[in-house]
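Hi everyone, thanks for coming. Please take a moment to look at the picture on the screen, and then I'll walk you through a few parts of it.

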Amino acid sequence: MGMKYLGAYLMAVIGGKESPTADDIKQILEAGGIDFEQEMIDRVIAKMDGKQAHELIAEGYGKFAACGGGGGGGAAAPAGGAAPAAGGGGGEAKEEKKKVEEEEE
């Protein structure tokens, strides 16, 4: 099932339709200039029949939480001898830091 169909269905739900129809989905897709297949729209409507979108999202969220996650790690720290980016202006930052420390004392 294509994400554009589910996305259009959920947009209709957000727009206030508790149980969007095939026409609701078509209108949303057409408004965005998106091509669609009637068979896919009918499939979404059939699978969502009698179900509430927010309940399915809550149920699915629990499944994703069980997978762990968080996100990828950050970028690796540069090596100690790495040259500063963009023109070598690294010396200025050290001088400013010394001035701030002197003022604090």
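**A helix and a pocket**

Let's begin just past the end of a helix: α3 is followed by G50, and the phi of G50 is positive, near 80°. Please keep in mind that this is a predicted model.

Now step back into the helix itself. Which residues of α3 are buried? In α3, which covers residues 38-48, they are M40, I41, V44 and M48. If you look down the axis of α3, these buried residues fall within an arc of 100°, so they line one face of the helix. Turn to the face pointing away from that buried side, and you meet the exposed residues E39 and A46.

What do the buried residues of α3 pack against? Their partners are three helices: α1 (3-14), α2 (22-31) and α4 (53-66).

One of those buried residues, M48, also takes us to my second topic, since M48 is part of the lining of the largest pocket. That pocket holds about 270 Å³ of space. How do we find such a place? Rolling a probe the size of a water molecule over the atoms shows where empty space is left.

Who lines the pocket? Among the lining residues are L6, Y9 and L10, along with L56, I57, Y61 and F64. Both α1 and α4 supply at least two residues each, and α4 gives the most, with 8 residues. Sorted by class, the lining has 9 nonpolar residues, 1 polar and 2 charged.

That's my tour, so please ask away!

How values were computed:
Residues numbered from 1 in each chain as written. Predicted model: local features only at pLDDT ≥ 70, side-chain atom pairs only at ≥ 80, totals over all residues. Heavy atoms only, no water. Buried < 20%, exposed > 50% of the residue type's maximum accessible area, 1.4 Å probe, protein only. Helix = DSSP H or I, 4+ residues; strand = E, 2+ residues; numbered from the N terminus. Arc of directions from axis to C-beta. Contact = heavy atoms within 4.5 Å. 1 Å grid on protein atoms, 1.4 Å probe; cavity = no way out; pocket = protein on both sides within 12 Å on 5 of 7 lines; lining within 4 Å. Points joined across faces, edges and corners; volume = space filled by probe spheres on them. Nonpolar A, V, L, I, M, F, W, Y, C, P; charged D, E, K, R; others polar.
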